[in-house]
Amino acid sequence: MRLDKIPSIPHLWRGASTPNPALTVAVVFMGAFLTTLQGRLFSMSLADLRGAFGLDVIEGAWLSTAMNAAQLLTMPATVWLSLIFGPARVIIVPSMTIALATLTIPFVRSYELLVFLHVIVGLCLGTYLPLTISLALRSLKPHFWLLAMAVYSLRASFGTDLGVGLSGIYVDMVDWRWIYWTGSLVGPLIAFIAWKALPLTPIDHDKLRNSDWGGMAMFCLSLTLLFAGCSLGETLGWFDSGVVAACLAGGALLLVMSIVNIASNKYAFVDLSALGNHNVRTALLIACLYGVLMAPTSILIPNFLAAIGKLKPLQTGSATIIVFGTYLAMTPVAVRLARRVDARLLLIAGLSTIVFTSAYCGSSINNEWRTDQYAPALILFAIGECLTLMGIIPTIVINMNPAHAAAIGVYAPLARVFAPGVAGGVIALILRLSSDTHSAMLKAGVEGGQPIVVQRAVSVIAREAAVLSYVDGFYLVFWVGIIALLLAATLKRAPVNPLTRPRPAS
């Protein structure tokens, strides 16, 4: 081989001069997968991380809130920042920062520094998801748009379900530090691919000077405070805690002020007219409810197996593998269906499947249920989630005005992170209140007797009360699904677009 044919080192590391569509799609989806996976790894391993860092329950809750709430500080502003600094800088800088932060965290023993580094990780993770669909659609021909949407919907199952089993493998078989070091490996890879895929564009100094930074900061901070209040509520005692009360009240006040600012300021960072389209507005609302609709596979069943079945994450991994495997197999089918039928039909079919399966679980589960008994429900839930997402995303894309793409990028985090976080806090509260209520009702029917008998009865009552609380959890999903179905029924026919088949001539 001639030496002059071997690429030089400077050439290999030279940045992109023109956009590379294939690499652009790869990098944005890698970022989306990392966001979901990193969050799931952390949440499932939090108890083990508390032991490794020597933290109590409240300190662990603050650590989780610090990382998850911080995403909402950057997520609504990411699309705007990409218009000013260019998408390359918005992806490369956070990716390298994540790598450094996650590499350092396992060696830190100062709690204040630990919280600070988790905030940094959260701020950086918040930059990926808002750019995913927008960059993918701009980089691909319309023929591949549905495939991009399918891959995006797959990231939810990939990160959520794979994270459960992977966290168990890391903690029990490899090393807990890999919960963080996964980001240390993936971050530089994302940065390098972005460097080769996206050219560095000039900074828009005019937009930088004239942007509504105050309104943007107020909106982002309001979501962060509301999320933190819901996340810490169950741990700190909701309104018995001044911190939770301050977060919820302050977040609500700032949110109202930011909405007034958006409505009254013609130079606001986002425009309410983006929500003027009924289909877009309704689909975003259903997407917010999706945080509750995916609770069976992300919260209820894994927590049931852990609390009632006494299984560790590594043991519950088989349940999440069923969900991910079904979702993966269903995705090509959903894409094929989306090319041939109206997205509204996919959405209604998915919601109907979730509603039916929730009713089945609510009326059937008992304390002896384990992964084998849940398997049919897990498969149906995965099919329903896949069809629902493949109905929501195309509905938003094909009905929105392209001029409102940046605004939709601001509102989308409400459905992607904020709504699931709030749903998690509300579901935890409902499970506890339901368990306490059922426990009191069951104890009322138990008469006093020998201490050994009473002790055993209390144990059985606690177990059955917990099971009944999960029954109520499934019924909550059922009724939220009914509301989503009613909303889906109001969706109108979409205009002619690259995703739908031509309408027959009348």
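Trainee: Is Ser241 buried or exposed in this predicted model?
Mentor: Happy to start there. Buried means under 20% relative accessible area. Ser241 has a relative accessibility of 11%, so Ser241 counts as buried.

Trainee: Where does Ser241 lie?
Mentor: Look at the two helices on either side: helix 12 spans 213–236, and helix 13 spans 242–264. Ser241 lies in the loop between helix 12 and helix 13.

Trainee: Which residue has its backbone nitrogen 3.4 Å from a polar atom of the Ser241 side chain?
Mentor: A polar contact is a pair of N or O atoms within 3.5 Å. At 3.4 Å, the partner of the Ser241 side chain is the backbone nitrogen of Val244.

Trainee: Which element gives the largest share of the lining of the second largest pocket?
Mentor: That pocket holds about 340 Å³ of space. Of its 15 lining residues, the closest to the centre are Leu275, Leu284, Cys288, Tyr411 and Leu414. Two or more lining residues come from each of helix 12, helix 13, helix 14 (278–293) and helix 19 (405–443). The largest share, 6 residues, comes from helix 14.

Trainee: How many residues in the lining of the second largest pocket are nonpolar?
Mentor: Split the lining by class. There are 2 polar residues and 1 charged residue, and the nonpolar residues number 12.

Trainee: Which helix gives the largest share of the largest nonpolar core?
Mentor: This core has 146 residues, and Ile91, Phe304, Ile365 and Tyr374 touch the most other members. The largest share of the core, 13 residues, comes from residues 371–399, which form helix 18.

Key. Residues are numbered from 1 along each chain as its sequence is written. This is a predicted model: local features need pLDDT of at least 70, side-chain atom pairs count only at pLDDT 80 or more; totals for chains, interfaces and linings use all residues. Side-chain values use heavy atoms; hydrogens and water are left out. Helices (H or I, at least four residues) and strands (E, at least two) are DSSP runs, numbered from the N terminus. Buried means under 20% relative accessible area, exposed over 50%, partly exposed in between (1.4 Å probe, protein chains only). A polar contact is a pair of N or O atoms within 3.5 Å; within protein, one must be able to donate a hydrogen and the other to accept it, and residues adjacent in sequence count only if both atoms are side-chain atoms. On a 1 Å grid over the protein atoms alone, a cavity is a set of points where a 1.4 Å probe fits but cannot get out, and a pocket is an open set with protein on both sides within 12 Å along at least five of seven lines; lining residues have an atom within 4 Å of a point. Grid points are joined across faces, edges and corners, and a volume is the space filled by probe spheres set on the points. Ala, Val, Leu, Ile, Met, Phe, Trp, Tyr, Cys and Pro count as nonpolar, Asp, Glu, Lys and Arg as charged, and the others, Gly among them, as polar. A nonpolar core is a set of buried Ala, Val, Leu, Ile, Met, Phe, Trp, Tyr and Cys residues joined through side-chain atoms within 4.5 Å.
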